[in-house]
Amino acid sequence: MITQVSSSLYQQLVGSFEDPLFAKEILESRRKEAFEKFKDTGFPTAKAEEWRFTNIQPVLNQDYQLGAHLPGQAVNVDAANIEGVDAYRVVLVNGFYRHDLSDTIEEQGIVLSSFADAAQLEAFNKHFAQYADKAENPFVWLNTALANNGFFIEIQAGKIAQKPIHIVHISVADSQTFFQTRNLIVLDKNAEAQIIETFVTEDGSSKTFGNTVTEIVVDENAKLEHYYLQQARSQSSFNNHTEIIQRKYSLYNNYNCTFPGASFVRNTINVRMDDPNIESHLYGITLLSDNQLVDNHTVVDHMKPFGESYEWYKNILQDSSTAVFNGKIFVRLDAQKTNAFQQNNNMLLSANATINTKPQLEIFADDVKCSHGCTIGQFNEDAKFYLQSRGIGEEQARTLLVHAFAFDVTERFKNETIRNHVDHLVELGLKHN
């Protein structure tokens with residue numbers, strides 16, 4: 001059992017289970033089961049192996065209000081704009097789907113609705129809480145029990161979405177707020193889509209803590225390009241859990257980018273490759289400053305033969321920031337002919353920055369090709385001097401070297417416009433002291 005430290009927030013959440021605000025008639029048995037699991041465990045502490053590098057108690061030990069989504073309040077959606085990207089826009093404010101700020105998707109074969117409105121849809125009932133809740137994560141159980149909004153997207157069989165879908169997550173509060181978002185993305189057989197998720201903070205917002213769970217189903221021969229762009233400000237903290245289930249001949253690509261701003265971010269990305277002939281790629285760029293703490297936990301679970309996975313995360317740390325990378329690759333006994341690669345590289349731009357990295361392989365099959373590696377190093381002052389000696393200014397030289405470090409990852413972004421946008425955000429996030 002995990003020791004319960006954050007009694008105030010814990011007690012509020014337990015007390016809210018029967019509150020009408022949360023009492024939805026959505027798959028009630030799954031909701032109650034998750035609630036009991038959360039009560040038995042409570043919030044995690046650093047004593048738990050999966051949290052030993054990340055102390056979440058300072059985030060939890062705050063006085064939060066619950067469920068403040070500020071309906072109808074005007075917010076600045078433009079902060080999430082990506083120049084050159086023509087996409088359908090879906091806006092969530094503190095986890096609540098805002099119809100008034102979102103586009104209507106009229107393409108045949110694409111279903112978009114709020115979490116609450118999806119309760120009667122067949123695909124929603126088939127997949128909701130069927131995957132993430134098996135991950136033994138107390139934050140997932142809490143979310144299943146109490147989250148009451150978010151988005152649902154279904155790309156129906158054979159449909160290729162003509163434009164990307166841009167999900168804009170906006171955090172805004174008059175006083176400290178804890179909110180939860182539950183999302184479900186389903187790509188049916190032979191469907192293809194590109195989904196971009198951007199996280200921003202409204203000007204003048206008080207502190208917020210968002211607990212988000214997203215379940216993604218990529219059915220047979222379906223393809224999903226999935227981008228995370230974390231651009232929120234220091235008032236915002238996030239715990240994000242993404243659970244992906246893949247079927248045969250499917251492809252899932254995740255591009256996870258975090259930039260200076262949000263004070264605390266924990267991303268958990270679990271990919272379950274539960275059929276033969278599945279391919280999955282996970283790429284990450286993390287650029288931090290000040291006292292940020294960003295923890296990226298990934299699991300790639302090869303459960304059947306002929307699977308291929310490729311994972312490459314790079315962290316760039318400034319000031320007194322801290323990054324955690326914990327990547328696990330499982331190759332199950334039945335997963336013969338697996339090809340799995342994992343790499344984590346880290347550049348420290350400050351003597352006060354901290355990186356905790358733990359790449360892991362657990363292999364139970366004997367006919368596989370697997371590798372992993374990790375590097376940690378400081379900024380190369382000799383290389384910077386070399387560039388300066390050829391007439392390049394100090395700031396430009398520093399930027400060029402950081403871009404060169406990140407290039408191995410960013411060049412793999414399928415969407416060139418987003419790749420250029422990420423390069424620009426890296427330039428904006430670099431300090432030149």
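**Helices, sheet and loops of a predicted model**

Student: How many helices and strands does the chain have?

Tutor: The secondary structure comes to 8 helices and 20 strands; helices (H or I, at least four residues) and strands (E, at least two) are DSSP runs, numbered from the N terminus. This is a predicted model, in which local features need pLDDT of at least 70, side-chain atom pairs count only at pLDDT 80 or more, and totals for chains, interfaces and linings use all residues. Residues are numbered from 1 along each chain as its sequence is written, and side-chain values use heavy atoms, with hydrogens and water left out.

Student: What is the radius of gyration of the chain?

Tutor: It is 21 Å, close to the 22 Å that the globule rule gives for 433 residues, so the chain is as compact as a globular protein of that length. The radius is taken over C-alpha atoms, and the rule is 2.2 Å times the number of residues to the power 0.38.

Student: Now the sheet. In what order do the strands of the open sheet run?

Tutor: The order of its 10 strands is 3-2-6-8-10-12-14-16-18-20, with mixed pairing. Two strands pair if DSSP finds at least two bridges between them. Strand 3 (96-97) and strand 20 (369-378) are the edge strands, each pairing on one side only.

Student: And in which sense do strand 16 and strand 18 pair, parallel or antiparallel?

Tutor: Strand 16 and strand 18 (residues 339-348) are parallel, over 10 bridges. Leu 317 has Leu 348 in strand 18 as its bridge partner.

Student: Which strands does helix 7 touch?

Tutor: Helix 7 packs on the sheet against strand 14 (279-288), strand 16 and strand 18, and its direction makes about 160° with that of strand 16. Contact means heavy atoms within 4.5 Å. Axes are lines fitted to C-alpha atoms, for helices over the stretch in contact, and angles run from 0 to 180 degrees between N-to-C directions.

Student: At what angle do helix 7 and helix 8 pack?

Tutor: Helix 7 (residues 394-410) and helix 8 (residues 416-429) pack at about 145°, with their axes 11 Å apart. Among the contact residues are Thr 399 and Val 402 of helix 7, and Arg 419 and Val 422 of helix 8.

Student: Changing topic: is Glu 136 buried or exposed?

Tutor: Glu 136 counts as exposed because its relative accessibility is 59%; buried means under 20% relative accessible area, exposed over 50%, and partly exposed in between (1.4 Å probe, protein chains only). Glu 136 lies in the loop between helix 4 (122-127) and helix 5 (138-146), and its phi is near 55°, a positive value in a residue other than glycine.
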